[in-house]
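Grab a coffee and open the viewer. Here are some exercises to work through with the model on screen, each with a solution you can check step by step.

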Amino acid sequence: MTDPRHVRLLIIGSGPAGYTAAVYAARAMLSPLLVQGIEPGGQLTTTTEVENWPGQVSIQGPDLMVLMEEHARAMGTEIVSDIITALDLSQRPFRATGDSGTVYTADAVILATGARAKWLGLDSEQSLRGFGVSACATCDGFFYRGEEIVVVGGGNTAVEEALFLTNFATKVTLVHRRDSLRAEKILQERLLKHPKIEVLWDHTVEEVLAAGDPAGVRGVRVRNVKTGAESEIPARGVFIAIGHAPASELVAGQLPLREGGYVSVEPGSTRTAIPGVFAAGDLTDDHYRQAVTSAGMGCMAALDAEKFLSALE
Ligand SMILES: Cc1cc2nc3c(=O)[nH]c(=O)nc-3n(C[C@H](O)[C@H](O)[C@H](O)COP(=O)(O)OP(=O)(O)OC[C@H]3O[C@@H](n4cnc5c(N)ncnc54)[C@H](O)[C@@H]3O)c2cc1C
């Protein structure tokens with residue numbers, strides 16, 4: 001077995017949070033090492049147009065992430081293609097084991113492992129992701145101005161997304177597999193009395209229906225869970241709002257997690273319960289979940305880490 005690689009700062013994750021932390025940390029002369037994980041570039045590599053990254057009217061998600069990677073590298077970050085499979089925060093330096101067999105030790109760690117939207121698991125849903133199927137109303141609602149939209153889910157997120165999407169859509173149909181919502185009562189009231197929203201109770205989405213060339217969506221095929229009857233709902237956009245899963249497995253049992261598995265940080269900072277361990281981006285944020293907010297937290301994490309490391313000396 002080779003000797004561990006020791007670095008002052010280890011950044012785990014290569015989404016907007018990780019790369020922004022890397023830019024700041026490299027410019028603070030911390031010589032960071034960033035481990036990219038299984039999805040170099042993070043969630044934005046799974047989408048097409050991004051129209052809310054300041055300074056870029058429109059850019060393809062994968063292109064934006066290549067620019068961020070190049071930026072982090074140009075500032076002096078060492079970027080490694082590896083996946084951290086184990087992280088031990090009980091000893092100092094902290095110890096991370098890569099899938100490659102490399103062991104990394106670090107005086108400080110920034111966790112930026114992000115989150116994953118939960119999907120229904122339909123082939124048609126996956127093949128139309130980015131072409132009419134989305135899991136983020138804030139990101140993609142604008143593309144469906146003047147169109148009909150379907151939202152799937154029954155919790156707070158689904159209801160909030162349905163309400164938000166009425167800003168763009170002529171009609172929003174919320175498809176829910178049960179006969180009541182889990183969302184807070186006040187949200188339910190707003191939803192149920194909204195003139196543009198219709199709720200389809202006791203229905204599941206069986207298929208997202210593709211339209212023409214270029215690829216797009218023309219609706220969904222739904223099934224009544226009580227009668228088995230199937231029908232189609234026309235829609236140009238389908239928003240899956242059944243929850244998110246933060247990638248916090250590495251630190252479960254080592255750091256306090258909030259409901260849903262999000263890493264807890266001190267309010268207004270990226271400090272976790274263990275000094276020298278910082279968390280940024282969707283891993284800790286169940287509310288905003290945007291590239292720009294993740295990047296902002298990545299910046300905060302690098303500044304917090306710099307302060308921690310300089311105090312160590
Ligand atoms: C389809 C889609 C479209 C979106 N569109 C927009 C948009 O238009 N505008 C916008 O602002 N936001 C958009 N978002 C949301 C945005 O992508 C996220 O908020 C943002 O990517 C979160 O950044 P992050 O750095 O926290 O994590 P992520 O982007 O989730 O990246 C996490 C990183 O951690 C790495 N990782 C995970 N586990 C490990 C491990 N064990 N070892 C090493 N690395 C690991 C992964 O490989 C990945 O690189 C969209 C999201 C999706 C899914």
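The exercises below go from the domains to the ligand, then to helix packing and two backbone oddities. Keep in mind that this is a predicted model.

**Exercise 1. Work out how the protein chain is divided into domains, and what the side of domain 1 that touches domain 2 consists of.**

Solution. Step one: mark the bounds. Domain 1 takes in 5-116 + 244-312, and domain 2 covers 119-240. Step two: look at the spacing, where the C-alpha centres of the two domains turn out to lie 32 Å apart. Step three: count the contact, which brings 5 residues of domain 1 against 4 residues of domain 2. Step four: sort the domain 1 side by class, and you get no nonpolar, 4 polar and 1 charged residues.

**Exercise 2. Describe the shell around the ligand: which residues come nearest, and where do its members come from?**

Solution. Start with the closest ones: out of 41 residues around the ligand, the nearest are G15, G37, G42, G114 and G281. Next, ask about domains; domain 1 and domain 2 each give the shell at least three residues. Then go down to elements: α1 (16-27), β9 (115-117) and α7 (291-312) each put in at least two residues. Finally, split the shell by class, which gives 21 nonpolar, 17 polar and 3 charged residues.

**Exercise 3. Helix α1 packs against α2 and against α7; work out how it is oriented to each.**

Solution, α2 first. The axes of α1 and α2 (residues 61-74) are 8 Å apart, at an angle of about 25°. Angles under 35 degrees count as roughly parallel, so α1 is roughly parallel to α2. The crossing is left-handed. On the α1 side you'll find P16, Y19, A22, V23 and A26, and they meet M68, E69, H71 and A72 of α2. Sorted by class, that contact comes to 7 nonpolar, 1 polar and 1 charged residues.

Now α7. Here the axes come within 7 Å of each other and cross at roughly 40°. The pair is therefore oblique. This crossing is right-handed. From α1, the residues P16, A17, G18, T20, A21, Y24 and A25 take part, and their partners in α7 include A291, S294, A295, M297 and G298. The class split of this contact is 13 nonpolar, 4 polar and 1 charged.

**Exercise 4. Find out how α5 and α6 pack, and which residues meet.**

Solution. First the geometry: α5 (residues 156-165) and α6 (residues 185-192) have axes 10 Å apart and an angle of about 35°. Then the handedness, which is left-handed. Then the residues: N156, V159, E160, A162 and L163 of α5 meet L187, Q188, R190 and L191 of α6. By class, you have 5 nonpolar, 2 polar and 2 charged residues in this contact.

**Exercise 5. Locate the cis peptide bond between R92 and P93, and place M29 with its positive phi.**

Solution. Take the peptide bond first. R92 and P93 are joined in cis, with omega about -5°. To place P93, look in the loop between β6 (84-88) and β7 (94-98). Then turn to M29, which isn't a glycine yet has a positive phi of about 65°. M29 sits in the loop between α1 and β2 (33-35).

How values were computed
Residues numbered from 1 in each chain as written. Predicted model: local features only at pLDDT ≥ 70, side-chain atom pairs only at ≥ 80, totals over all residues. Near = placed C-beta within 6 Å. Helix = DSSP H or I, 4+ residues; strand = E, 2+ residues; numbered from the N terminus. Nonpolar A, V, L, I, M, F, W, Y, C, P; charged D, E, K, R; others polar. Domains from an automatic or database assignment. Axes fitted to C-alpha atoms, helices over the stretch in contact; angles between N-to-C directions. Parallel < 35°, antiparallel > 145°, perpendicular 65-115°, else oblique. Left-handed = near helix turned anticlockwise from the far one by under 90°. Contact = placed C-beta atoms within 7 Å.
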